[in-house]
Amino acid sequence: METNATRMCELLVGLPDVTVLAVDDQLGATIVVHIESRPEPAWCEACAVRARVKERPVIGLIDLPCFGRPARLVWRKHRRCCPE
């Protein structure tokens, strides 16, 4: 049985390549789950140099209801670029 609260949230979200950063759960309001892409090494396809994170935009996604209430995912993406 899983007892780690963060891991339980990750299992609930059901996305294997993201980390749950926080959950905003206020009575009567939309449940907001803040997630972030797991940073993995990426390489430029053109020159094979390791890419770097260029920016980390926040994207809001509407999801299916959770526990009978509206839910929203707030995703902090990693956009990469070639340093060369």
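**Figure 1. Aromatic rings and a charge over a ring in the predicted model.** Let us start with the aromatic side chains of this predicted model: the number of aromatic pairs comes to zero. A ring does have a charged companion, though, since Arg50 lies over the face of Trp43. The distance from Arg50 to the ring centre of Trp43 is 5.9 Å.

**Figure 2. Arg69 and Asp25, a salt bridge from strand β5 to a loop.** Side chains of opposite charge can pair when their charged atoms come close. Searching the whole structure turns up three salt bridges, and this view takes in the one between Arg69 and Asp25. Their closest N and O atoms are 2.9 Å apart. Arg69 belongs to strand β5, residues 69-76, while Asp25 sits in the loop between β1 (18-24) and β2, so the salt bridge ties together parts that are 44 residues apart in sequence. Asp25 has a relative accessible area of 48%, and therefore counts as partly exposed.

**Figure 3. Arg56 and Glu36, a salt bridge from a loop to strand β2.** Here the closest N and O atoms of Arg56 and Glu36 are 2.0 Å apart. The two residues link distant parts of the chain, 20 residues apart. Arg56 comes from the loop between β3 (52-55) and β4 (58-66), and Glu36 comes from strand β2. Are the two partners buried or partly exposed? Arg56 is partly exposed at 38% relative accessibility, whereas Glu36, with a relative accessible area of 15%, is buried because the cut-off for that class is under 20%.

**Figure 4. Arg79 and Glu55, a salt bridge between strands β6 and β3.** The side chains of Arg79 and Glu55 meet with an N to O distance of 3.1 Å. Arg79 is part of strand β6 (residues 79-81) and Glu55 is part of strand β3, so parts that are 24 residues apart in sequence are tied together. Arg79 is partly exposed, at 35% relative accessibility. Glu55 is partly exposed as well, at 34%.

**Figure 5. Ser37 and its contacts.** Take a look at Ser37 in strand β2, which spans residues 31-37. With a relative accessibility of 15%, Ser37 counts as buried. Which residues does Ser37 touch, leaving aside those up to four places away in sequence? They are Asp17 and Val18, together with Trp75, Arg76, Lys77 and His78.

**Figure 6. The hairpin of β4 and β5.** Strands β4 and β5 pair in the antiparallel sense, over seven bridges. Among the residues to look for is Gly60, whose bridge partner in β5 is Val74. Two residues stand between the strands of this hairpin, and Phe67 takes a positive phi near 60°.

**Figure 7. The largest nonpolar core and the surroundings of Ala71.** In soluble globular proteins, nonpolar side chains tend to be buried together. The largest nonpolar core of this model has eight residues: Val18, Val20, Ile31, Val33, Ile35, Cys66, Ala71 and Leu73. Strands β1, β2 and β5 each supply at least two residues of this core, and β2 gives the most, with three. One of the core residues, Ala71, touches Thr30 and Ile31, and also Ile62, Asp63, Leu64, Pro65 and Cys66, when residues up to four places away in sequence are not counted.

Methods. Residues are numbered from 1 along each chain as its sequence is written. This is a predicted model: local features need pLDDT of at least 70, side-chain atom pairs count only at pLDDT 80 or more; totals for chains, interfaces and linings use all residues. Side-chain values use heavy atoms; hydrogens and water are left out. Helices (H or I, at least four residues) and strands (E, at least two) are DSSP runs, numbered from the N terminus. Buried means under 20% relative accessible area, exposed over 50%, partly exposed in between (1.4 Å probe, protein chains only). Contact means heavy atoms within 4.5 Å. A salt bridge is a side-chain nitrogen of Lys or Arg within 4 Å of a carboxyl oxygen of Asp or Glu. Rings of Phe, Tyr and Trp (its six-membered ring) pair if their centres lie within 6.5 Å; planes under 30 degrees apart count as stacked, over 60 as edge-to-face and the rest as tilted. A charge sits over a ring if NZ of Lys or CZ of Arg is within 6 Å of the ring centre and within 35 degrees of the ring normal. Two strands pair if DSSP finds at least two bridges between them. A nonpolar core is a set of buried Ala, Val, Leu, Ile, Met, Phe, Trp, Tyr and Cys residues joined through side-chain atoms within 4.5 Å.
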